[in-house]
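Biologist: I should be grateful for a close look at a single part of this structure, namely one strand and its partners. Please then set that part beside the other sheets, loops and rings of the chain.

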Amino acid sequence: MRPNNEEQTEVSQKRRRVMLSALGVMATTSIAGGLTLRGTSAAQSSPAYIGCARQSDGMFAVMAMNDSGEVCYTSPLPSRGHGLVVDPLTRLGFVFARRPGAFVQVLSIETGQTISTYLSDTNRYFYGHGDVLGNTLFTTEGVKGTSEGIIGVYHIHPDGVLKKEREIAGFGIGPHEIKVVNETTLAVAVGGIRTDNRTATNLDSMSPSLVLIDIPSGRIVEKHQLADHQLSIRHLAVSPNQDVVIAQQYKGDPDHIAPLLAIRRNNGDFTALKAGTEHWTRFQQYIGSVACTGSQVIATSPRGNCFGIWDIETGELQAISSLMDASGASAQREGFAISAGTGRVVIQEPRKSITFQTSEVTWDNHWVML
């Protein structure tokens, strides 16, 4: 899904209607807790993709889809969701409210059943992202009134209940995505923007950065800033080789074209990914989601209605393709998948050509390959 009106990127309702599956409309069956299963075969099959979505009635939910493009379940959310992360060991999913968000919802990714819901502290709000390491959940949060960045550190109890253990602060304002790089290091995309609700109030003085934080101590071990201070660093991806890719949204002159992706390699080098001005123009100053395979970087632009693929070793653009309302990007060591607010899905399986599917889901900004 595209950003809201103040970012001037809202898609018309007509273009964001749910697109019906090529297999036809499936019957729905409601079960306890508001969960909805779609059709017998879909309900019994394993989810392959999971993401936040908008339902046809305008309400918000987490939806899972199988390899055939069928919806396995719909799990309601109290309000619009944004990012989500999956723990591969416990098979729990953690869904984060869109900023300034008030909840983290924990669910079973196999069934969609809600396990628990954590509400934000009185003076905090969630920025929409988090990551998991063992039985610990890390979230990006803000202090109400100042947008001071906070990393919430939560213990995940065996029953799926979250308990905040500590906070890490002092690294900047307006953090967005956070990723575990390894067992001792967190990468944080610090957007640098102070906001009043969702209205930016410091674009002339904003100071974004990529920050690497030592988990045990909470100490900043590296900080990288771009030459243009109005390139807000928003999204992150970590490659299997522990390279950290950062994705930007440009908040300066609407006519200025700037590189929107950079990489901090595992040897410490920090450089921009390469593309011609005509290619960056296609992205309309906005990267919505980014992911890494072992050899490629995939980035989407809902504003530019496109996605691009870069060679991770050379940093060179390999391809750019049109995709209306291109939204979530997710990847594994081999293969990636992209969702769109129109219901279109782009899938690159290992050693196979890119394929396109049509799902019946109005996908939101982010999703995950299972």
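Modeller: What follows is an account of strand β21, then of two open sheets and the loops and aromatic rings elsewhere in the chain. Please bear in mind that this is a predicted model.

Strand β21 comprises residues 244-250, and 7 of its 7 residues are buried. The cover extends to both faces of β21. On one side lie Val244, Ile246, Gln248 and Tyr250, and on the other Val245, Ala247 and Gln249; all of these are buried.

The partners of β21 are β20 and β22, and both pairings are antiparallel. With strand β20, residues 231-238, β21 is joined by 7 bridges. Within this pairing, valine 238 stands opposite valine 244 of β21. The hairpin formed by β20 and β21 has 5 residues between the strands, and glutamine 242 in this hairpin adopts a positive phi near 70°. With strand β22, residues 261-264, β21 shares 4 bridges. Here alanine 247 of β21 faces leucine 261 in β22. Alanine 247 thus has a place in two descriptions: it is one of the buried residues of β21, and it stands opposite a residue of β22.

A positive phi also occurs at two loop residues. Most residues other than glycine have a negative phi. Serine 147, in the loop between β11 (136-143) and β12 (148-156), has a positive phi of about 65°. Its relative accessibility is 1%, and serine 147 therefore counts as buried, the cut-off being under 20%. Aspartate 325 belongs to the loop between β27 (317-322) and β28 (326-331), and its phi is near 55°. With a relative accessibility of 0%, aspartate 325 is likewise classed as buried.

The loop that holds aspartate 325 leads to β28, which is part of an open sheet of 4 strands. The order in this sheet is β28-β29-β30-β31, and the pairing is antiparallel. Strands β28 and β31 (354-358) stand at the edges; each has a single partner strand, so one side of each is left without a neighbour in the sheet. On average, neighbouring strands of this sheet are turned by 20° against each other, direction ignored. Between β28 and strand β29, residues 336-340, there are 4 bridges in the antiparallel sense. Serine 330 is placed opposite alanine 337 of β29.

Another open sheet is built from 4 strands in the order β6-β7-β8-β9, again with antiparallel pairing. Its edge strands are β6 (81-87) and β9 (114-119), each of which pairs on one side only. Neighbouring strands here are turned by 20° against each other on average, direction ignored. Strand β8, residues 103-108, pairs with β9 over 5 bridges in the antiparallel sense, and leucine 107 stands opposite threonine 114 in β9.

The loop between β7 (92-97) and β8 contains proline 100, and a cis peptide bond, with omega about -10°, joins arginine 99 to proline 100. Most peptide bonds are trans. Alanine 102 is found in this loop between β7 and β8 as well. At 41% relative accessibility, alanine 102 counts as partly exposed. Its C-alpha atom is separated by 5.0 Å from that of serine 120, although alanine 102 and serine 120 are 18 residues apart along the chain. Apart from neighbours within four places in sequence, alanine 102 is in contact with Ala97, Tyr118, Leu119, Ser120 and Phe126.

Lastly, the aromatic rings. A search of the whole structure finds 8 aromatic pairs. One of these is the tilted pair of phenylalanine 283 and tryptophan 310, with 5.9 Å centre to centre and 40° between the planes. This pair links distant parts of the chain, 27 residues apart: phenylalanine 283 lies in the loop between α2 (277-282) and β24 (289-292), and tryptophan 310 lies in strand β26 (residues 306-311). Both phenylalanine 283 and tryptophan 310 are buried. Elsewhere, Tyr49, Trp363 and Trp367 form one aromatic cluster.

To return to the part you asked about: β21 is covered on both faces, with β20 joined to it by 7 bridges and β22 by 4 bridges.

Key
Residues numbered from 1 in each chain as written. Predicted model: local features only at pLDDT ≥ 70, side-chain atom pairs only at ≥ 80, totals over all residues. Heavy atoms only, no water. Pairing = 2+ DSSP bridges. Axes fitted to C-alpha atoms, helices over the stretch in contact; angles between N-to-C directions. Phe/Tyr/Trp six-rings, centres within 6.5 Å; stacked < 30°, edge-to-face > 60°. Buried < 20%, exposed > 50% of the residue type's maximum accessible area, 1.4 Å probe, protein only. Contact = heavy atoms within 4.5 Å.
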